[in-house]
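Colleague: I have a few questions about how the ligand is held. Can we go through the model together?

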Amino acid sequence: MTVKIFDRPDVQEFLKVVSGLDKADGNPRMKEIIHRLMSDLFKAIDDLNITPDEYWTGVAWLNDLGAAGQAGLISPGLGLDHFIDERLDAIDAAMGIDNPTPRTIEGPLYVAGAPESTGFARLDDGSDTDGQTLIMHGVVHDADKKPMPGAKVEVWHCDTRGFYSHFDPTGKQAPFNMRRTIIADENGRYKFQSILPSGYGVPPGSPTEHLLSALGRHGQRPAHIHFFISAPGHRKLTTQINIEGDPLINDDFAYATRDGLVPRVVERNDEESIHANNLNGPFAEIEFDIFLTSLVDGVDNQVNEKRKREAA
Ligand code: DHB
Ligand code: FE
C-alpha cells in the first residue's frame, strides 16, 4: 500500500512545530536547518515508502555509529567532506580567488599539540621498520608567490599498517608518532624524514564499514599525507598529498584525491643523496611546494576552529 501524506496541511504544520518555528525561544538558524532537514526526511519516508523496520534499522545504526565515535568517519565516506570542499572552491571561484595548492578534506584523525621544530623534523620514531624511508620537502609561498619564512606546516600520516597514532587499535604507537609541526625556515623551506605510509581502511566490522558494504563499496583510502599550512595574513590551508603509484588513487572511499596533489615520488639510491640526508640507505623523495592565499577582508573566511581536537 502506497500512501502520501507529506503535503497534508497538518503534516506541514507538524514540521513547523517539531522545528520550534512556532516558538520565540531557541536559535533561528538551528530552526531553519532542522525544519529543512526534517522536511526532507519526512518526504523521503513518504516517497520511498520507508518501512518502520527500515527506519528503526537506521536509528539503531546511528546509535552504533555514535557509540563507536564514527560520525566523522562516515562523513567523508558519504562524500560530505568533499562536497563541502567543492562548495569552498565554488565560493573562491565566485570571488576570483585562485588556490594554486588545492584544498582537500581534513579527515577525522588530526590531533593538536604535536611537537614543533623549525625547518626540519623526523616524524617517525623508527619502530615501523616495514616502511621505506621518505624525505619530503618544499617551499611554502605567500599570496605573492614569495617564500614565506615562519609558515606553520602541520603534518600527519599513518604507519605501514594503516594506523594513526592516538587511534591505533593495537595501542602500539607512541603519542604523536608520525605527527609534527614544522616552522618553515628563513627561506620558507620545510623538510621532514619519515616513512612512506600505507593506505588506510575504515575499522573492520564497524558501523562505517557496514553501511559502505551495504552500498557495495569499500572503505579504503590510497596512501596519503595530511597537511595544515598556516601563516600570518593568510588563510589556513587544509590539504593532503597522495603517494604516487598507489592503486587506489582514483578509488578513494573518502574522495580526497585531487589534481595537483599527487607529487612525484623519486627513488634515490645514489651515495651523494643518501649522504646529504644523513641516511644510510636508499629512500624515496617527494618535493612539494605549497602556495597560501590571502585573508579575505582581513579574515580567514574558511577557518573551522571547531574541528581542532586536542590530544587526549
Ligand atoms: C578517514 C580516514 C582518514 O585517514 C582520512 O584521511 C579520511 C577519512 C575515515 O576513516 O573516514
Ligand atoms: Fe588520513
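Modeller: A polar contact here is a pair of N or O atoms within 3.5 Å. Keep in mind that this is a predicted model.

Colleague: Which residue offers a polar backbone atom to an oxygen atom of ligand 1?

Modeller: Look for a backbone atom within the 3.5 Å cut-off. One such pair is 2.7 Å apart. The backbone atom belongs to L73.

Colleague: How far is a polar side-chain atom of R221 from an oxygen atom of ligand 1?

Modeller: Side chains reach the ligand oxygens too. For Y200, a polar side-chain atom lies 2.6 Å from an oxygen atom of ligand 1. For R221, the distance from a polar side-chain atom to a ligand oxygen is 2.5 Å.

Colleague: How much of the accessible area of ligand 1 does the protein cover?

Modeller: On its own, ligand 1 has 290 Å² of accessible area. The ligand sits in the largest cavity. The share covered by protein is 100%.

Colleague: Which elements give two or more residues to the shell around ligand 1?

Modeller: The shell includes L73, P76, H224 and H226. By class, it has eight nonpolar, three polar and one charged residues. The elements giving two or more residues are α4 (71–77) and β9 (224–230).

Colleague: What is the strand content over residues 105–292?

Modeller: UniProt, in an unreviewed entry, lists this span as "domain: Intradiol ring-cleavage dioxygenases". Its end C-alpha atoms are 16 Å apart. Helix makes up 7% of the span, and strand 31%.

Colleague: And what is the helix content of residues 27–94?

Modeller: The unreviewed UniProt entry places "domain: Catechol dioxygenase N-terminal" there. The end C-alpha atoms lie 30 Å apart. Strand is 0%, and helix is 85%.

Notes
Residues are numbered from 1 along each chain as its sequence is written. Chains are lettered from A and ligands numbered from 1 in the order in which they are written. This is a predicted model: local features need pLDDT of at least 70, side-chain atom pairs count only at pLDDT 80 or more; totals for chains, interfaces and linings use all residues. Side-chain values use heavy atoms; hydrogens and water are left out. A residue is near a molecule or strand if one of its heavy atoms lies within 4 Å of it. A polar contact is a pair of N or O atoms within 3.5 Å; within protein, one must be able to donate a hydrogen and the other to accept it, and residues adjacent in sequence count only if both atoms are side-chain atoms. Accessible areas come from the Shrake-Rupley method with a 1.4 Å probe; for residues, only the protein chains shown count as cover. On a 1 Å grid over the protein atoms alone, a cavity is a set of points where a 1.4 Å probe fits but cannot get out, and a pocket is an open set with protein on both sides within 12 Å along at least five of seven lines; lining residues have an atom within 4 Å of a point. A molecule sits in a cavity or pocket if more than half of its atoms lie within 2 Å of its grid points. Helices (H or I, at least four residues) and strands (E, at least two) are DSSP runs, numbered from the N terminus. Ala, Val, Leu, Ile, Met, Phe, Trp, Tyr, Cys and Pro count as nonpolar, Asp, Glu, Lys and Arg as charged, and the others, Gly among them, as polar. UniProt positions are given in the numbering used here, feature names are shortened, and annotations may be inferred rather than shown by experiment.
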